[in-house]
Amino acid sequence: MRITRLIIFFISTMILYWIAMAGLFVSFAYSKGWILADFEFINAKQAIVFLSDDNNVTLLDVRTIREYEEKHLKNAINIPVQTLSSSLNSLQEVKNKRIVVYCRSGSRSIKASRILEKNGFTPLNVEGGIIDLIRNDAEIVR
């Protein structure tokens with residue numbers, strides 16, 4: 001009787017463990033944009049070409065104001081991801097344009113791209129953020 005309860009407890013614990021692990025994986029995959037991302041991803045080289053060749057595009061930096069002031073891409077608009085939802089009115093004039101979204105490494109821009117996409121914008125998320133943009137010789141303002 002005692003061994004049966006112990007076996008049931010062990011099996012129940014293992015099932016709960018794997019459910020929790022699956023939940024963590026889904027959460028991580030969502031935060032990285034691997035699942036449920038209804039927007040396009042572009043790499044740094046594509047972003048640089050895109051910005052130089054297409055006039056119908058807006059560049060959005062979603063880092064903090066302090067990070068933006070240290071360095072940013074030329075012609076970038078800064079709206080920190082923390083205030084993006086409440087600042088969407090300032091982007092209404094570019095709603096018909098594609099918006100190239102970047103942050104430092106690519107994580108905050110995924111969150112921002114989700115917000116933009118849900119509100120009818122067309123975001124293009126830059127994988128690798130400003131780190132990869134600098135590596136690929138993007139024009140930086142300091």
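**Entry 1: a starting pair**

I began with Leu60, which stands opposite Val101 in β5. This is a predicted model, so I read every value below as computed from it. From that pair I moved to the strands themselves: β2 and β5 (residues 98-102) pair in the parallel sense over 5 bridges. I also looked up Val57, and its place is opposite Arg98 in β5.

**Entry 2: the whole sheet**

Next I wanted the strand order. I found an open sheet of 5 strands, running β1-β6-β5-β2-β4, with parallel pairing. Which strands stand at the edges? I noted β1 (40-42) and β4 (77-78); each has a single partner strand, so one side of each lacks a neighbour in the sheet. As a reminder to myself, sheet strands pair through hydrogen bonds of the backbone, in a parallel or an antiparallel sense.

**Entry 3: walking across the pairs**

I then went through the pairings from the β1 edge.

- β1 and β6 run parallel and are joined by 3 bridges; here I found Phe41 opposite Asn125 in β6.
- β5 and β6 are also parallel, with 4 bridges between them.
- For that pair I wrote down two matches: Arg98 stands opposite Thr122 in β6, and Ile99 stands opposite Pro123 in β6.
- β2 and β4 run parallel too, joined by 2 bridges, and Asp61 faces Asn78 in β4 as its opposite residue.

Arg98 turned up twice in my notes: Val57 is opposite this residue, and so is Thr122 of β6.

**Entry 4: how enclosed are the strands?**

I checked burial next, counting a residue as buried when its relative accessible area is under 20%. How many residues of β2 are buried? I get 5 of the 5, so β2 is largely enclosed by the rest of the structure. I then split the strand by side: Val57, Leu59 and Asp61 are buried on one face, Thr58 and Leu60 on the other, and both faces are covered. Asp61 caught my eye here, being a buried residue of β2 that stands opposite Asn78 in β4.

For β5, 4 of the 5 residues are buried, so this strand is largely enclosed by the rest of the structure. The count for β6 is 4 of the 5 as well, and β6 is therefore largely enclosed too.

**Entry 5: helices over the sheet**

I looked up what lies across these strands. Helix α2 lies across β1, β2, β5 and β6 (122-126), and runs at about 140° to β5. Helix α4 (residues 107-118) lies across β1, β2, β5 and β6, with a direction at about 170° to β6.

**Entry 6: the largest pocket**

I looked for open space after that. Rolling a probe the size of a water molecule over the atoms shows where space is left empty. The largest pocket holds about 320 Å³ of space. Which residues are closest to its centre? Of the 14 that line the pocket, I listed Leu51, Ser52, Leu59, Lys74 and Asn75. The elements that give two or more residues to the lining are α2 (44-53) and β2 (57-61). By type, I sorted the lining into 6 nonpolar, 4 polar and 4 charged residues. Leu59 thus links two of my entries: Leu59 is among the buried residues of β2, and is one of those closest to the pocket centre.

**Entry 7: two positive phi angles**

I checked backbone angles for residues other than glycine. Asn75, already in my pocket notes, has a positive phi near 70°. Asn75 is found in the loop between β3 (72-73) and β4. Is Asn75 buried or exposed? Its relative accessible area is 65%, and the cut-off for exposed is over 50%, so Asn75 is exposed.

Leu36 is my second case: its phi is positive, about 55°, although Leu36 is not a glycine. I placed Leu36 in the loop between α1 (2-31) and β1. With 65% relative accessibility, Leu36 counts as exposed.

**Entry 8: a long span**

Last, I looked at Ile15, which lies in helix α1. The relative accessible area of Ile15 is 47%, so I recorded Ile15 as partly exposed. I also took a distance: the C-alpha atoms of Ile15 and Ile134 are separated by 46 Å, and the two residues are 119 residues apart along the chain.

How values were computed:
Residues numbered from 1 in each chain as written. Predicted model: local features only at pLDDT ≥ 70, side-chain atom pairs only at ≥ 80, totals over all residues. Heavy atoms only, no water. 1 Å grid on protein atoms, 1.4 Å probe; cavity = no way out; pocket = protein on both sides within 12 Å on 5 of 7 lines; lining within 4 Å. Points joined across faces, edges and corners; volume = space filled by probe spheres on them. Nonpolar A, V, L, I, M, F, W, Y, C, P; charged D, E, K, R; others polar. Pairing = 2+ DSSP bridges. Contact = heavy atoms within 4.5 Å. Axes fitted to C-alpha atoms, helices over the stretch in contact; angles between N-to-C directions. Buried < 20%, exposed > 50% of the residue type's maximum accessible area, 1.4 Å probe, protein only.
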